[in-house]
Amino acid sequence: GKMVRVTLPGDVLQETLETGLKTNYGEGGYLQCKNVKFDDLSLNGTAIDPVKAYEVVLPEFVAKGYEANLEFLGEHYSGENEDVLKIGETMVNNDIRDIVIHHMLQLKNF
């Protein structure tokens, strides 16, 4: 599926992380994250500011609020997405499979 960029207020990001990493752990809707500290849900060691806006990338399915216990995200998704993404100098179809393949081809050890 497509990946989309969504702007979330800090309090909604906090709820998303708590739900996707703790509530849904071992169930559907478990999130894969980078640079998130799981015990206090900080980003790069910095606490999430509840009023700051954060840009996150999510599968469109999740952003629409279709994932278990993450229905509230649908209120923040504008419906905008791109069919093709520019990654570096390369144009890649906006499909998670194509994005992963592109990334793997960039790895020198692959």
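## Salt bridges, a hairpin and a loop residue

Arg 97 and Asp 95 join their side chains in a salt bridge, with 2.6 Å from N to O. The model is predicted. The two partners differ in exposure. Arg 97 has a relative accessible area of 56% and is exposed. Asp 95 counts as buried, because its relative accessibility is 14% and the cut-off for buried is under 20%.

**The salt bridges**

How many salt bridges does the count come to? The count is four. Among them is the pair of Arg 5 and Glu 55, whose closest N and O atoms are 3.5 Å apart. This pair links distant parts of the chain. Arg 5 sits in strand E1, residues 3–9. Glu 55 sits in strand E4, residues 53–59. The two are 50 residues apart. Arg 5 is exposed, at 58% relative accessibility. Glu 55 is exposed too, with a relative accessible area of 56%.

Lys 86 and Glu 89 supply another salt bridge, at 4.0 Å from N to O. Lys 86 counts as exposed because its relative accessibility is 55%, and exposed means over 50%. Glu 89 is exposed as well, at 71%.

Side chains of opposite charge can pair when their charged atoms come close.

Three of these pairs, including their N to O distances:

| Basic residue | Acidic residue | N to O distance |
|---|---|---|
| Arg 97 | Asp 95 | 2.6 Å |
| Arg 5 | Glu 55 | 3.5 Å |
| Lys 86 | Glu 89 | 4.0 Å |

**The E5–E6 hairpin**

Lys 86 also has a place in a strand pairing. Which residue of E6 stands opposite Lys 86? That residue is Met 91. Strand E5 covers residues 84–87, and strand E6 covers residues 90–93. They run antiparallel, joined by four bridges. Together E5 and E6 form a hairpin, with two residues between them. Gly 88 lies in the turn and has a positive phi of about 65°.

**Ala 68 in its loop**

Ahead of E5 comes a loop that starts after helix H2, residues 60–63, and Ala 68 lies in this loop. Is Ala 68 buried, partly exposed or exposed? Ala 68 counts as partly exposed, because its relative accessibility is 31%, in between the cut-offs of 20% and 50%.

Ala 68 touches Asn 24 and Gly 28, leaving aside residues up to four places away in sequence. Leu 21 is 47 residues from Ala 68 in sequence. In space, their C-alpha atoms are 12 Å apart.

Definitions and conventions
Residues numbered from 1 in each chain as written. Predicted model: local features only at pLDDT ≥ 70, side-chain atom pairs only at ≥ 80, totals over all residues. Heavy atoms only, no water. Pairing = 2+ DSSP bridges. Buried < 20%, exposed > 50% of the residue type's maximum accessible area, 1.4 Å probe, protein only. Contact = heavy atoms within 4.5 Å.
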